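I opened this entry to record what I looked up, one topic at a time. The structure comes first, then my notes.

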Amino acid sequence: MLPLVLRRLVSAIPTLFIVATLSFVLMRLVPGGPFDREKKLPPAIQANVERKYHLDEPVWKQYLLYMGSLARGDFGPSYKYLGRSVNDILREAFPVSLQLGLFSLVLSVLCGVGTGIVSAWRPGSWLDRGGGLFSVLGFSLPTFVLGSLLVFSLADSLHFFPPALWEGWRFTVLPVVTLSFAPAAFLARLCRASLLEVMEKDFVRTARAKGLRESRVILRHALKNALTPVVSVVGPLTAGLVTGSFVVETIFSLPGMGKHFVTAVTNRDYPLIMGVTLMYTVLIILANMIVDLLYGILDPRVRVE
Amino acid sequence: MGNARLHTGHRRGWISLIFLVALGTAALGASWFAPYGYQQQDPRAMLLPPGWSHLMGTDLLGRDLFSRMLYGARLSLSIGLSTALISVLIGTVYGAVSGYVGGRTDNVLMRWVEVVYSLPDLLLIILISVLIGRGAIGILLALSLVSWVTVARVIRGEVLKICTQEYIVAARAAGAPHRVILFRHILPNTAGPLLVTVIYRIPAAILAESTLSFIGLGVPPPFSSWGTLANDGWAAMKFYPHLIIFPAAMIFATILAFNSLGESARERLDPGRTGTRRG
Amino acid sequence: MSPKHFLIIALALLVGCAQAEGDRRETAAFRMNLSSEPPTLDWSLATDNVSFDVITNIMEGLTQFDKDLHPRPAVAQRWEVLDGGRRLVFHLRKDVRWTDGKPVTARDFEYSWKRLLNPATAAEYSYFLYDLVNAKEYNEGKITDPNLVGVKALDDFTLEVRLIAPRAYFPSITTFMVTFPMRRDIVEKFGEQWTEPRNMVTNGPFRLERWQHDYKVILARNPSYYGPPPALERVEMYVVPEPNTALTLYETGFLEVVNLPPLAIPRYRGHPEYVTAPQLRGYYYGFNVEKKPFSDVRVRKAFAMAIDKTRLTRILQGGEIPTNSWVPKGMLAYNPEIGLRFNPREARRLLAEAGYPGGKGFPRVKAVFNSDAVNSLVGEFLQAQWREHLGVSIDLDNQEWKVYLKNLKADPPPLFRLGWGADYPDPDNFLNLFVTGGGNNNTKWGNLRYDELIARAAGEPDERTRVDLYNRAQKILSEEEVPIIPLFVAAQNMLLKPYVRGFEVNAMDILYLKRVRLADPKAGRNGGSGKG
């Protein structure tokens with residue numbers, strides 16, 4: 001286990017390097033710059049601005065400058081939020097997204113795996129059909145529609161929850177439910193399919209033949225084996241959830257970092273694009289490493305090198 | 001024991017199939033079936049609720065929503081299906097190879113998956129739109145490019161697990177060709193999760209297209225797609241609910257049909273579900 | 001944890017929070033929303049409306065607009081216009097204090113203006129002071145000595161400004177945030193962090209109490225403000241980018257004022273809380289006059305005359321005012337008589353004369369705009385209008401904002417959409433746009449007669465002569481040459497709680513909160529807002 005962790009951490013460096021380089025290239029290939037505005041700047045002023053951010057240097061030099069400061073852990077200044085560093089922006093936004101993301105992760109895994117088990121228990125039963133309907137609803141309802149529906153029903157009409165903003169735990173309920181719905185639906189289907197697959201396997205049949213109760217068979221024997229695809233998905237899902245969601249943060253006016261994935265791109269705020277991208281990369285790498293470790297725990301014969 | 005269950009399963013499968021065929025026909029023949037043109041504006045019929053002359057009501061410009069839904073179905077269905085197929089094809093092969101070969105190859109391939117996961121996909125999508133222009137192909141390509149990685153991770157995880165089973169170990173020891181082991185013995189056993197992933201990809205692509213239209217890569221106006229209709233309808237949700245109800249309901253019904261169809265097809269093709277297990 | 005337990009906890013949560021309501025008000029706070037995070041509160045660097053809304057309430061400059069957008073004395077008690085308009089001397093009030101108790105002096109203005117013009121500051125709005133002697137040269141790096149710039153503190157309370165030519169509108173410029181005074185010691189001590197609440201020093205009716213980035217800005221009454229103290233103790237500004245969310249927050253009692261999304265306007269029109277006002281923001285389609293077929297003025301005229309703008313504004317529902325001329329309503333020299341009216345028959349005649357009878361043989365051209373719901377509606381409407389009235393098929397192309405700006409700069413498409421919001425409420429700001437080679441003139445159109453009229457009008461002190469000059473220029477722009485089709489002037493549509501008093505809406509969309517007060521919010525709440 002330890003060697004795997006070490007090896008992954010070492011291989012994270014080239015991964016990060018490649019992501020940073022490719023993102024840098026992508027950013028510069030996409031037309032439009034950070035200081036292109038509806039009201040065009042006089043050329044001399046444009047030049048002043050570009051000089052301030054070293055955008056007047058040749059691109060290779062900008063790349064070296066940027067990678068240099070990156071190596072020191074400095075993401076540089078934001079081009080949109082003047083006077084704020086990308087490090088500051090991430091430091092302030094990440095805790096919010098982390099909190100929302102972890103709640104949503106727990107909720108979606110609990111609901112997803114729970115529904116999956118209930119559905120696989122008696123395939124074809126009304127419980128299974130209900131679970132299926134819930135899942136399809138979760139797949140096909142756009143997040144923005146779901147979020148607004150929750151706001152209209154639970155906040156606007158019934159006044160159970162505040163409709164938006166970030167002033168305390170009551171304000172987290174609707175965004176967390178909105179964030180969790182689609183992943184829960186996906187996990188439920190995945191878990192059910194995988195469980196049904198596993199239930200046909202010899203060791204499960206053996207357990208059944210031994211006269212064990214069905215619930216025991218599922219929870220003790222089948223589930224562990226059936227969780228592999230769930231775990232595969234939960235890795236990137238975690239990274240996605242804790243870095244926030246543009247739609248949910250917009251609908252509920254939350255100060256998370258998810259919106260930066262979109263607005264930094266539309267603003268061409270190069271350092272901020274880089275900041276959120278690399279942060280996401282780190283989380284993806286960590287999540288996948290944990291997933292690979294979990295494979296081994298779920299099935300000791302699986303060994304990832 | 002499972003006969004009655006099987007029957008309802010098959011009935012739903014048939015209903016779904018009929019629904020999807022009807023939908024596909026209506027989409028392909030939209031120019032015959034649609035009562036109005038997708039861009040036909042009627043200044044006297046703005047924002048009408050559903051009624052006899054306009055089955056699903058009309059939008060801000062007085063265009064018939066039902067007709068726009070039909071024309072939109074063509075685009076959304078082809079984007080949804082092809083993106084799902086392309087990403088599943090690439091993802092399955094990639095994931096299977098990675099998990100089966102293992103070792104260094106697995107490590108390198110999976111690190112590349114991490115890179116693709118992490119790249120800012122919006123930038124990629126904008127770039128594609130600038131390079132190859134817009135329309136179905138660009139959207140397809142952009143969506144497929146970023147969505148195969150999830151499939152690859154799932155399949156690779158499954159393959160890793162299946163590879164440890166006795167019969168695979170035995171087959172490998174007996175010197176069976178890798179191709180046979182992989183495609184005959186391993187991949188069929190991933191069918192369940194694979195199917196779910198494919199079906200999940202379809203609505204994901206249909207909805208992603210609405211996000212694309214928001215940043216300018218979606219179908220250019222005045223064409224319509226379910227995604228753009230849902231996106232536009234959402235803004236009007238509180239005031240003209242018909243503009244969101246119909247697109248959302250159609251996406252839901254379509255995905256439900258794909259789901260039922262997929263499950264009943266699997267029950268048919270894989271008798272192991274009710275009877276004996278295949279090795 | 002079993003599903004059952006989970007259900008119980010979920011139920012407990014539901015019951016526990018059945019009391020979620022917005023108005024738990026103890027202090028007289030005014031709550032509103034900002035459409036985005038303020039990109040900066042450094043008024044030398046700020047360029048956007050959101051930053052502006054915050055800064056104009058924590059700072060005051062030499063002058064300030066009244067309700068009708070006439071500049072009135074603020075920190076400057078009075079000013080003298082000397083040397084035929086080339087020299088202005090501002091006399092400052094002696095009782096204006098910064099929040100740390102120090103007096104506001106002419107040196108603070110001089111420092112701020114030179115900082116704005118310093119090329120190292122890289123201020124995007126430095127050109128606002130290009131009317132000053134040597135300002136442009138200093139900003140462009142042609143001269144390096146800031147002391148040559150035409151601004152000087154003669155003593156603590158006298159500021160001398162030297163202009164390159166008479167500028168009738170200059171006292172309007174000094175209402176704008178980039179000209180506000182600034183404290184050298186504070187800026188130099190804290191560097192880029194000087195706009196954080198713990199460091200910031202200001203002189204306006206409110207002071208910055210808290211700035212939770214990406215979420216909210218809280219202003220508190222400034223006890224050392226020189227004028228009558230504002231009635232509001234606090235102003236809470238929440239970053240709510242989504243207009244529908246803002247509306248829900250207003251309806252559930254979390255906000256006192258909100259801008260209405262277009263689709264909500266019909267529902268609220270006639271409602272006692274509904275407020276509407278014009279806005280000095282024009283929306284137009286431009287032609288690239290170098291590209292065929294729009295190099296022919298008859299085609300441009302035909303396109304302009306084939307649009308039923310009244311119907312367009314009915315579709316948009318936002319209270320927009322259809323317009324055929326470019327200077328917007330509410331501004332000097334606004335003249336609805338000028339411009340080409342909707343006349344499909346004449347349009348068809350002109351198109352036929354240009355060689356495309358009934359649209360036959362008309363090349364496929366693209367109308368390009370940036371992706372946005374309103375822009376799409378307008379584009380789709382225009383496409384249908386030109387098909388209906390001219391028999392011409394136009395392709396629509398929407399592009400992501402920055403891609404679009406890049407294309408406009410590099411190679412303007414034959415037909416493109418743009419808007420223009422007033423920087424200062426003077427026709428010069430609108431008409432100067434289309435002078436030959438102007439930085440924001442994407443039409444490639446140029447007309448020497450027009451250029452000359454605009455230049456003469458800018459320095460003309462007599463208002464009637466100015467209006468006359470602008471009328472002549474507008475005739476060239478929107479009747480004779482038609483490089484653009486003005487479509488409509490935007491409007492502001494908002495809801496305001498009935499217990500809010502003294503909230504004035506102006507066409508520049510400038511938010512002055514110092515005179516706003518809340519009539520006993522409890523009474524107002526029960527009586528007015530309808531929702532608990």
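My notes cover chain contacts, salt bridges and a sheet.

**Starting point**

I am working with a predicted model. I keep that in mind for every value below.

**Chain B against chain A**

I looked up this contact first. I find 59 residues from chain B and 67 residues from chain A in it. I then turned to area. The size of an interface is often given as the accessible area lost when the parts come together. For chain B and chain A, I note about 5800 Å² buried. Carbon and sulfur atoms give 68% of that area.

Next I checked charged pairs. I count 5 salt bridges between chain B and chain A. I looked at the pair B:R153 and A:D292, whose side chains meet in a salt bridge at 3.7 Å, N to O. How many residue pairs are in polar contact across the interface of chain B and chain A? I get 11, with both residues at pLDDT 80 or more.

Which elements of chain B supply at least two residues each to the side that touches chain A? I list α1 (3-28), α4 (103-118), α5, α6 (136-162), α9, α10 and α11 (242-269). The largest share on that side comes from α9(B), with 10 residues. I also sorted the residues by class. The side of chain B that touches chain A has 29 nonpolar, 15 polar and 15 charged residues.

**Chain B against chain C**

I repeated the search for chain C. Here 25 residues of chain B are in contact with 27 residues of chain C. I note about 2200 Å² buried between the two chains. Carbon and sulfur atoms account for 58% of that.

The rule finds 2 salt bridges across the interface of chain B and chain C. I looked at the one between C:E380 and B:R63. Its closest N and O atoms are 3.1 Å apart. I also count 6 residue pairs in polar contact between chain B and chain C, both residues at pLDDT 80 or more.

On the side of chain B that touches chain C, I find α5 (121-132), α9 (191-215) and α10 (226-235) giving two or more residues each. The largest share there, 3 residues, comes from α9(B). By class, I get 17 nonpolar, 4 polar and 4 charged residues on that side.

**A link from chain A to chain C**

I looked up the salt bridge total. The structure holds 57 over all chains. I picked out A:D36 with C:K409, where the closest N and O atoms are 3.0 Å apart. Why does this pair join two chains? A:D36 lies in the loop between α1 (2-29) and α2 (43-52) of chain A, and C:K409 lies in helix α13 (residues 401-410) of chain C, so the pair joins two chains.

**A sheet in chain C**

Last, I traced a sheet. It is open, with 4 strands in the order β1-β10-β9-β8 of chain C. The pairing is mixed. β1 (29-34) and β8 (206-212) of chain C stand at the edges with a single partner strand each, so one side of each has no neighbour in the sheet. I note that neighbouring strands of this sheet are turned by 20 degrees against each other on average, direction ignored.

I followed one pairing further. β1(C) and β10 (residues 234-239) of chain C run parallel, joined by 6 bridges. I find C:A29 opposite C:R234 in β10(C).

Technical notes:
Residues numbered from 1 in each chain as written. Chains lettered and ligands numbered in written order. Predicted model: local features only at pLDDT ≥ 70, side-chain atom pairs only at ≥ 80, totals over all residues. Heavy atoms only, no water. Contact = heavy atoms within 4.5 Å. Buried area = accessible area lost by both parts, 1.4 Å probe. Salt bridge = Lys/Arg side-chain N within 4 Å of Asp/Glu carboxyl O. Polar contact = N/O pair within 3.5 Å; in protein donor to acceptor, adjacent residues only side chain to side chain. Nonpolar A, V, L, I, M, F, W, Y, C, P; charged D, E, K, R; others polar. Pairing = 2+ DSSP bridges. Axes fitted to C-alpha atoms, helices over the stretch in contact; angles between N-to-C directions.
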